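Please open the model in your viewer, with the sequence panel alongside it. The tour below goes from one selection to the next and says what is to be found at each stop.

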Amino acid sequence: MTAVYWVVAALLAAFYLYGGVLKLVRSRERLRPMMGWVDDMPMAAVRALGAAEVAGAAGLVLPPLTGIAPWLALAAAAGFTVLQAGAIRVHLARGDRRIALNIVLVLASAAAVATATTWL
């Protein structure tokens, strides 16, 4: 179970770290080609989402590595599951049916939740 967690957590952390940093530093115009939904959100919300993604990426990796509050890995994985469920809702509400990546991310974060119970 631990090996499965580390593989899934590493992939999720890399994905969310990349996406989170982009949301933190890029303008709406530079985000729009990849993330059309940014037009429907205030930039403060986009930035907050980016900060949450960066914090969650750290939460997947750092607590189990350091042994300090390793239960935070479970919380981060659960947070990403909820985040992607919300993302699917936003995409569908906008008429965007391209949610395959979001479904994969929900499943991956749910797998991280299941395997992060190692540290409880």
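**First stop: α1 against α5**

Helices α1 and α5 are oblique to each other, because angles under 35 degrees count as roughly parallel, over 145 as roughly antiparallel, 65 to 115 as roughly perpendicular and the rest as oblique. Their axes come within 9 Å and cross at roughly 135 degrees, where axes are lines fitted to C-alpha atoms, for helices over the stretch in contact, and angles run from 0 to 180 degrees between N-to-C directions. To find the second helix, select residues 100-116, which make up α5; helices (H or I, at least four residues) are DSSP runs, numbered from the N terminus. α1 passes α5 in a left-handed crossing, a crossing being left-handed if the near helix is turned anticlockwise from the far one by less than a right angle, and right-handed if clockwise.

Before going further, note that this is a predicted model, in which local features need pLDDT of at least 70 and side-chain atom pairs count only at pLDDT 80 or more, whereas totals for chains, interfaces and linings use all residues. Residues are numbered from 1 along each chain as its sequence is written, and side-chain values use heavy atoms, with hydrogens and water left out.

Now show the side chains of Val4, Tyr5, Val8, Leu12, Phe15 and Tyr16 in α1, together with Leu101, Leu105, Ala108, Ser109, Ala112, Thr115 and Ala116 in α5, since these residues make the contact, contact meaning heavy atoms within 4.5 Å. Sorted by class, the contact of α1 with α5 has 11 nonpolar, two polar and no charged residues; here Ala, Val, Leu, Ile, Met, Phe, Trp, Tyr, Cys and Pro count as nonpolar, Asp, Glu, Lys and Arg as charged, and the others, Gly among them, as polar.

**Second stop: the aromatic cluster**

Keep Phe15 and Tyr16 selected and add Phe80, because ring pairs link Phe15, Tyr16 and Phe80 into a cluster, where rings of Phe, Tyr and Trp (its six-membered ring) pair if their centres lie within 6.5 Å, and planes under 30 degrees apart count as stacked, over 60 as edge-to-face and the rest as tilted. By this rule the count comes to three aromatic pairs. Phe15 and Tyr16 form an edge-to-face pair, with 5.3 Å centre to centre and 85 degrees between the planes. The rings of Tyr16 and Phe80 are stacked, because their centres are 3.8 Å apart and their planes lie at 0 degrees. This pair links distant parts of the chain, with Tyr16 in helix α1 (residues 2-25) and Phe80 in helix α4 (residues 71-93), 64 residues apart.

Are Tyr16 and Phe80 buried or exposed? Both Tyr16 and Phe80 are buried, a term that means under 20% relative accessible area, with exposed over 50% and partly exposed in between (1.4 Å probe, protein chains only). Tyr16 counts as buried at 1% relative accessibility, while Phe15, at 35%, counts as partly exposed.

**Third stop: Lys23 and Glu53**

Next select Lys23, which is found in helix α1 and is buried, with a relative accessible area of 6%. Not counting residues up to four places away in sequence, Lys23 touches Leu31, Met35, Trp37, Val46, Arg47, Leu49, Gly50 and Glu53. Move on to Glu53, which lies in helix α3 and counts as buried at 5% relative accessibility. With its neighbours within four places in sequence left aside, Glu53 is in contact with Tyr16, Gly19, Gly20, Lys23, Phe80 and Leu83.

**Fourth stop: α3 against α4**

Select residues 43-66, helix α3, whose axis comes within 7 Å of that of α4 and crosses it at roughly 145 degrees; this crossing is left-handed. On the α3 side the contact involves Leu49, Glu53, Gly56, Ala57, Gly59, Leu60, Pro63 and Pro64, which meet Leu72, Ala73, Ala76, Ala77, Phe80 and Leu83 in α4. By class, the contact of α3 with α4 has 11 nonpolar, two polar and one charged residues.

**Last stop: Pro63 and the loop**

Within α3, centre the view on Pro63, which is buried, with a relative accessible area of 7%. Apart from its neighbours within four places in sequence, Pro63 is in contact with Ala58, Ile68, Ala69, Pro70, Leu72 and Ala73. Of these, select Ala69, which lies in the loop between α3 and α4 and has a positive phi of about 50 degrees although it is not a glycine. Ala69 counts as partly exposed at 26% relative accessibility.

Methods:
Helices (H or I, at least four residues) and strands (E, at least two) are DSSP runs, numbered from the N terminus.
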